[in-house]
Amino acid sequence: MVASGLYDLKHHFKTALHEINFEIKKGASIKTFFAQPQQEADSITRAEVLFANFVVQHNLAASIADHFCDLAAVIFPDSAIAKKFYSKRTKTTLIIKKCLALSATDRIINLCREMPFSLMTDESNDKKTDK
């Protein structure tokens, strides 16, 4: 690890090598260095979460995920996201349990806190009265 002080930084800014590198990269924004791979990774993650949400909303079996990964690559052969989409049964189940379920639980808790509600019960589920 390099320990540099304010003097070292000011001295570095005045060097010829820094000036050359600064001029080369002057027109480029920071996004050009980091955005492209991260955007693709974010898009793949987004697709996997949306697919898991689709499975939940339509009450589909998690085993459908095993076949969908291969199907997506065949249906969309020119899509880089479809080629790298890999959310089979285990990953889809984890996304549902660890991400979507937590979000849904938080939403339900907030709704219960904000809006009045009531619970009804009857004696049909009371096992104490059975002889």
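Is Phe85 buried or exposed? Select Phe85 to begin the tour: with a relative accessible area of 7%, the residue is buried, because buried means under 20%. Keep in mind as you click along that this is a predicted model.

**Stop 1: the phenylalanine rings**

Stay with Phe85 and add Phe51 and Phe68 to your selection. Ring pairs link these residues, Phe51, Phe68 and Phe85, into a cluster. The structure as a whole holds three aromatic pairs, and two of them can be visited here. Look at Phe51 and Phe68 to begin with: their rings are stacked, with 4.5 Å from centre to centre and 10 degrees between the planes. This pair links distant parts of the chain, since Phe51 belongs to helix 3 and Phe68 to helix 4, 17 residues apart. Phe51 is buried, at 8% relative accessibility, whereas Phe68 is partly exposed, at 27%.

Now turn the view to see Phe68 with Phe85. Here the arrangement is edge-to-face: the centres are 5.7 Å apart and the planes meet at 85 degrees. This pair, too, links distant parts of the chain: Phe68 sits in helix 4, while Phe85 sits in the loop between helix 5 (80-84) and helix 6, 17 residues apart.

**Stop 2: Thr92**

Next, select Thr92, which you will find in helix 6 (residues 89-114). Which residues is Thr92 in contact with, leaving aside its neighbours within four places in sequence? They are Phe51, Ala52, Val55, Ala65 and Ser87. Phe51 will be familiar from the ring cluster. Thr92 itself is buried, with a relative accessible area of 0%.

**Stop 3: a patch on the surface**

Switch to a surface view and colour Phe54, Leu60 and Ile64. Together they make a nonpolar surface patch of about 230 Å². Phe54 is part of helix 3, and at 40% relative accessibility this residue counts as partly exposed.

**Stop 4: Asn59 in its loop**

From the patch, move to Asn59. Where does Asn59 have its place? Look in the loop between helix 3 (31-57) and helix 4 (64-75). Asn59 is exposed, with a relative accessibility of 71%, and therefore lies over the 50% cut-off. If your viewer can show backbone angles, check phi for Asn59: the angle is near 55 degrees, a positive value in a residue other than glycine.

**Stop 5: Asn53 and Cys99**

Select Asn53, another residue to visit in helix 3. Asn53 is partly exposed, at 28% relative accessibility. Then add Cys99 and draw a line from C-alpha to C-alpha. How far apart are Asn53 and Cys99 in sequence and in space? The two are 46 residues apart in sequence and 10.0 Å apart in space.

**Stop 6: the cysteines**

Keep Cys99 selected and add Cys112. Cys99 counts as partly exposed, at 42% relative accessibility, and Cys112 is also partly exposed, at 35%. How many disulfides does a search of the whole structure find? The search finds zero. For a newcomer, a disulfide is a covalent bond between the sulfur atoms of two cysteines.

**Before you close the viewer**

To finish, go back to the ring cluster of Phe51, Phe68 and Phe85 and show Thr92 beside it, keeping in mind that Thr92 is in contact with Phe51.

Terms used. Residues numbered from 1 in each chain as written. Predicted model: local features only at pLDDT ≥ 70, side-chain atom pairs only at ≥ 80, totals over all residues. Heavy atoms only, no water. Disulfide = S-S within 2.5 Å. Buried < 20%, exposed > 50% of the residue type's maximum accessible area, 1.4 Å probe, protein only. Helix = DSSP H or I, 4+ residues; strand = E, 2+ residues; numbered from the N terminus. Contact = heavy atoms within 4.5 Å. Phe/Tyr/Trp six-rings, centres within 6.5 Å; stacked < 30°, edge-to-face > 60°. Patch = residues over 30% accessible without salt bridge, like charges linked within 9 Å, V, L, I, M, F, W, Y side chains within 5 Å. Areas by Shrake-Rupley, 256 points an atom, 1.4 Å probe, with all protein chains shown as cover. Salt bridge = Lys/Arg side-chain N within 4 Å of Asp/Glu carboxyl O.
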